[in-house]
Amino acid sequence: MSARLAGLTLRPAAPDDASGISDLLDQLGWTVSPDDVVRELSASPSTEVVVAELGTRVVGVIAVTSRRQFQRAGNLITIDTLVVDEGHRSLGIGEDLVGVALRAAERNNAQAVEVVSALRRVEARRFYERLGFEVTANYFVRST
């Protein structure tokens, strides 16, 4: 996978990336241990996890899931996780990672790519809108 930023590589995530991915998720306020990251990397065959690596450091990650969606009578790609290291934002890394989802949509003949972003993440919402995503629904969650 190619990237636009010199020295940036996009590649499938590996168990050795678990610590870096855990650190990135922590920047979103999500506590996911490296051991849990390793388990998640192989938990779902329909989820593709790709890291953005600059030199030897993981500076971004995206998890993309493909599934059928009844209302579309077709395939849907969901960006489950997307995070770029705080010190490496606004360099095009996030857009390169979204490209992973767009290519997955092409491969899977998907009708749409969706992403959920918390209302408080104003910059993330602007980022997705800049890339052509539209707000189309409210997202309701009930913890169990």
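Trainee: At what angle do helix α1 and helix α2 pack, and how far apart are their axes?

Mentor: Helix α1 (residues 18-27) and helix α2 (residues 34-41) pack at about 105 degrees, and their axes are 8 Å apart. Axes here are lines fitted to C-alpha atoms, for helices over the stretch in contact, and angles run from 0 to 180 degrees between N-to-C directions. Please keep in mind that this is a predicted model, in which local features need pLDDT of at least 70, side-chain atom pairs count only at pLDDT 80 or more, and totals for chains, interfaces and linings use all residues. Residues are numbered from 1 along each chain as its sequence is written, and side-chain values use heavy atoms, with hydrogens and water left out.

Trainee: Why are α1 and α2 called roughly perpendicular?

Mentor: Angles of 65 to 115 degrees count as roughly perpendicular, under 35 as roughly parallel, over 145 as roughly antiparallel and the rest as oblique. The angle is about 105 degrees, so α1 and α2 are roughly perpendicular to each other. On the α1 side, A18, S19, I21, S22 and L25 make the contact, and on the α2 side P34, V37 and V38 do; contact means heavy atoms within 4.5 Å.

Trainee: What makes R57 and D85 a salt bridge?

Mentor: The rule asks for a side-chain nitrogen of Lys or Arg within 4 Å of a carboxyl oxygen of Asp or Glu. For R57 and D85 the closest N and O atoms are 3.2 Å apart, so the pair fits the rule. R57 lies in strand β3 and D85 in the loop between β4 and α3 (93-107), so the pair ties together parts 28 residues apart in sequence.

Trainee: Why is D85 called buried, and why does R57 count as partly exposed?

Mentor: Buried means under 20% relative accessible area, exposed over 50%, and partly exposed in between (1.4 Å probe, protein chains only). D85 has 7%, so it is buried; R57 has 44%, so R57 is partly exposed.

Trainee: How do you know that E123 and R126 meet in a salt bridge, and what separates them along helix α4?

Mentor: Their N to O distance is 2.5 Å, so the rule is met. Because E123 and R126 are three residues apart in helix α4 (residues 122-130), about one helical turn separates them. With 54% relative accessibility, E123 counts as exposed, whereas R126, at 48%, counts as partly exposed.

Trainee: How many salt bridges does the rule give?

Mentor: The count comes to eight.

Note on methods:
Helix = DSSP H or I, 4+ residues; strand = E, 2+ residues; numbered from the N terminus.
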